[in-house]
Amino acid sequence: MAHPLVTQIIDLATPVAEELGLEVVGVVFHTNQSPPVLRVDIRNPEQDTGLNDCERMSRALEASLDAAQIVPDAYVLEVSSPGISRQLVTDREFISFKGFPVIISTSPPYDGQQEWTGQLIRRDETALYLNQKGRVVEIPRSLITKVQLDERR
């Protein structure tokens, strides 16, 4: 379950990111650490997200969070790109991660399964092609709800 402050933090962070030409893709508040860690994942839609993007967002967001006083106690702010665990969305990402292990979610289930794992072969206008131990599986794009890299493998 998300921390109750996450929604307020997203509402505050989104316009800050947009002003910098960035997108907020995730916020997690780890209160089980001392001091608590507020992690904000950002993405640069124009190019690969770099350290400069994270630094700019960190400075701007820190000032906005301090001014809004949403987080009552001391905390550590971490701004980063979502990295390898993120979902694949753009054609460029599907090309870049060809051959990587992926998890595909479908809705409704396709061929009796709602989750598929295997190596990404390619994606075209109608389907996504997956290598499952040498067997090619073709999953209709219209049924795919999510494709993300499989960190478990």
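**Talking through a predicted model**

Colleague: Is D53 buried or exposed?
Modeller: Keep in mind that this is a predicted model. D53 has a relative accessible area of 5%, and the cut-off for buried is under 20%. So D53 is buried.

Colleague: Which residues does D53 touch, not counting those up to four places away in sequence?
Modeller: D53 lies in helix α2, which covers residues 51–68. Leaving out residues up to four places away in sequence, the contacts of D53 are L22, I42, N44 and D48.

Colleague: And D11, is that one buried or exposed?
Modeller: D11 is found in helix α1, residues 6–19. Its relative accessibility comes to 54%, and the exposed class begins over 50%. D11 therefore counts as exposed.

Colleague: How far apart are the C-alpha atoms of D11 and V24?
Modeller: Along the chain, D11 and V24 are 13 residues apart. In space, their C-alpha atoms are separated by 9.9 Å.

Colleague: How many residues of strand β2 are buried?
Modeller: β2 runs over residues 37–43, so that's seven residues to sort, with buried meaning under 20% relative accessible area. The strand is mostly covered, and the buried count is five.

Colleague: What stands opposite G26 in β2?
Modeller: Strand β1 (residues 23–30) and β2 run antiparallel, joined by seven bridges. The two form a hairpin, with six residues between them. Opposite G26 in β2 you'll find D41.

Colleague: What is the bridge partner of R39 in β3?
Modeller: β2 also pairs with strand β3 (residues 76–80), here in the parallel sense and over five bridges. For R39, the partner in β3 is E78.

Colleague: Is the crossover from β2 to β3 right-handed or left-handed?
Modeller: The chain leaves β2, passes through α2 and arrives at β3, a β-α-β crossover. Its hand is right-handed.

Colleague: Zooming out, what pattern does the protein chain follow along the sequence?
Modeller: There are three helices and eight strands to place. Read along the sequence, they come out as α-β-β-α-β-α-β-β-β-β-β.

Colleague: What share of the contacts with a separation of 6 or more comes from residues 24 or more positions apart?
Modeller: Some context on the chain: its C-alpha trace spans about 55 × 30 × 25 Å along the principal axes, and buried residues make up 33% of its 153 residues. Among contacts with a separation of 6 or more, residues 24 or more positions apart account for 51%.

Colleague: How far apart do the centres of the positive and negative side chains lie?
Modeller: The chain carries 15 positive and 22 negative side chains. The centres of the two sets are separated by 10 Å.

Key:
Residues numbered from 1 in each chain as written. Predicted model: local features only at pLDDT ≥ 70, side-chain atom pairs only at ≥ 80, totals over all residues. Heavy atoms only, no water. Helix = DSSP H or I, 4+ residues; strand = E, 2+ residues; numbered from the N terminus. Buried < 20%, exposed > 50% of the residue type's maximum accessible area, 1.4 Å probe, protein only. Contact = heavy atoms within 4.5 Å. Lys, Arg positive; Asp, Glu negative; His and termini not counted. Charge placed at Lys NZ, Arg CZ, Asp CG, Glu CD. Pairing = 2+ DSSP bridges. Right-handed = clockwise from strand over helix to strand, strands pointing away.
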